Protein chains: 2
Amino acid sequence: MFTGWSIHALDAKGRLAIPARFRDVLRDEGDERLVLTTSERCLVAYPYNEWRAIADKVSRLSRVDPKVLAFRRYFISGATESLCDKQGRVLIPQPLRELAGLDGQVYLVGMQHNFEIWDKDRWYAEREQISANFGDLSSFMADLGI
Amino acid sequence: MFTGWSIHALDAKGRLAIPARFRDVLRDEGDERLVLTTSERCLVAYPYNEWRAIADKVSRLSRVDPKVLAFRRYFISGATESLCDKQGRVLIPQPLRELAGLDGQVYLVGMQHNFEIWDKDRWYAEREQISANFGDLSSFMADLGI
DNA sequence: AAGAGTTACCCCACATTTCCCCACTTATTA
DNA sequence: TAATAAGTGGGGAAATGTGGGGTAACTCTT
């Protein structure tokens, strides 16, 4: 499982180091390929197989239904397969960098089955946002029996 | 499958480079012909066979039903077959360029079975639009276990 | 019907990006 | 404190994308 936060620098060439403990997870699963996709304000990285299962399901959905198109455009279209270089870095494609507002300090955030890649400022803003709605969360957790 | 985004420049002659990874998909399928068609706010590019299947179905539909006519006018009529030049570019016919508002920075967006061609500003507007109507998509996400 | 102007298509040359490599600095562990 | 691992920076070759010239085909005008 991917857990914990790491702060890494995005270098001038658009490369981002993946924390060793995340790479370990991939290696243990026997496939080091990573898929980078888009979410609302950040990027999401999936192990290849995990992503493949999702993409295959979506590929069988309608090719014309507007809702499916919207879903594909938003969540599927940006997916880019990539592999760490010998130094444990991946190249973030320029459009994804731009979308997620990445430059300089980047937060890598473990989300159990995958991990997210956040611009530092956006990450803090996101946490504030969540904490502002904290009441909703606590009742949600209560419902889950946590 | 076509996946990932690319940003390319539309040059003064109306030519657009097709990303190498998209060209690879076409080559692997053994037919490099591409069909450009119109959609609502963007262009859509299909591998020839993929398009052929759609066009054949539509060709068997009514020649007088107003809905079929409208559909033909909107989605089918603009279809243009084209081939990449030696540099991997296609010429976007001027009416299609105009319709999709293409100039300067263009986004190429992988949609699994085909790919879309967006003006940059429109692409970002489209994403905002989708995100504003997020509720519509939740059923897919639930089905997919996302 | 002929000529001027435009468009499409071929080509080549240059710029940029990507990918692979090595070296250095900083952190962690023994 | 030494030794190892992790992360950062940058060089260089190959692949990819961009710009632009020239010729042939076509259109439009006169």
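A polar contact here is a pair of N or O atoms within 3.5 Å, and within protein one of the two must be able to donate a hydrogen and the other to accept it. With that in hand, let us walk through this predicted model, starting where the two protein chains meet.

Across the interface of chain A and chain B, 14 residue pairs are in polar contact, both partners having pLDDT 80 or more. On the side of chain A that touches chain B, helix 2 (48-59), helix 3 (66-76) and helix 4 (94-100) each supply at least two residues. Helix 3 of chain A is the one to look at, as the largest share of that side, 10 residues, comes from it. By class, the side of chain A that touches chain B holds 15 nonpolar, 7 polar and 8 charged residues.

How many residues does each chain bring to the contact? Chain A gives 30 and chain B gives 33. The size of an interface is often given as the accessible area lost when the parts come together. For chain A and chain B, that buried area is about 2700 Å², with 64% of it on carbon and sulfur atoms. Charged pairs are found here too: 4 salt bridges are counted between the two chains. One of them pairs Arg73(A) with Glu126(B), whose closest N and O atoms are 2.9 Å apart.

What about covalent links between cysteines? The count over all chains is 0 disulfides. Take Cys84(A) as an example: the nearest cysteine sulfur belongs to Cys42(A) and is 18 Å away. In chain B, Cys42(B) is likewise in no disulfide, and the nearest cysteine sulfur, that of Cys84(B), is 18 Å away.

Now turn to the DNA, beginning with strand D. This strand is surrounded by 24 residues, and the closest are Lys13(A), Arg15(A), Arg89(A), Lys13(B) and Arg15(B). Among the atoms of DNA strand D within 4 Å of the protein, 39% are sugar or phosphate atoms, while the rest belong to bases. Both kinds of partner appear in individual contacts. On the phosphate side, a backbone N or O atom of Ala9(A) is 3.3 Å from a phosphate oxygen of strand D, and a side-chain N or O atom of Arg23(B) is 3.3 Å from a phosphate oxygen of the strand. On the base side, the side chain of Arg89(B) places an N or O atom 3.0 Å from a base nitrogen of strand D.

Several elements give two or more residues to the surface near DNA strand D: strand 1 (5-9), strand 2 (15-17) and helix 1 (20-28) of chain A, along with strand 1 (5-10), strand 2 (15-17) and helix 1 (20-28) of chain B. That surface is made up of 10 nonpolar, 4 polar and 10 charged residues.

DNA strand C completes the tour. The residues around it include Lys13, Arg15, Lys86 and Gln87 of chain A and Lys13, Arg15, Lys86 and Gln87 of chain B. Of its atoms within 4 Å of the protein, 43% belong to sugar or phosphate and the rest to bases.

Which side chains reach base nitrogens of DNA strand C? Arg15(A) has a side-chain N or O atom 3.5 Å from one, Arg15(B) has a polar side-chain atom at 3.4 Å, and Arg89(B) also has one at 3.4 Å. Strand 6 (89-91) of chain A and strand 6 (89-91) of chain B are the elements giving two or more residues to this surface. Its residues divide into 2 nonpolar, 2 polar and 8 charged.

Definitions and conventions
Residues numbered from 1 in each chain as written. Chains lettered and ligands numbered in written order. Predicted model: local features only at pLDDT ≥ 70, side-chain atom pairs only at ≥ 80, totals over all residues. Heavy atoms only, no water. Near = heavy atom within 4 Å. Helix = DSSP H or I, 4+ residues; strand = E, 2+ residues; numbered from the N terminus. Nonpolar A, V, L, I, M, F, W, Y, C, P; charged D, E, K, R; others polar. Contact = heavy atoms within 4.5 Å. Buried area = accessible area lost by both parts, 1.4 Å probe. Salt bridge = Lys/Arg side-chain N within 4 Å of Asp/Glu carboxyl O. Disulfide = S-S within 2.5 Å.
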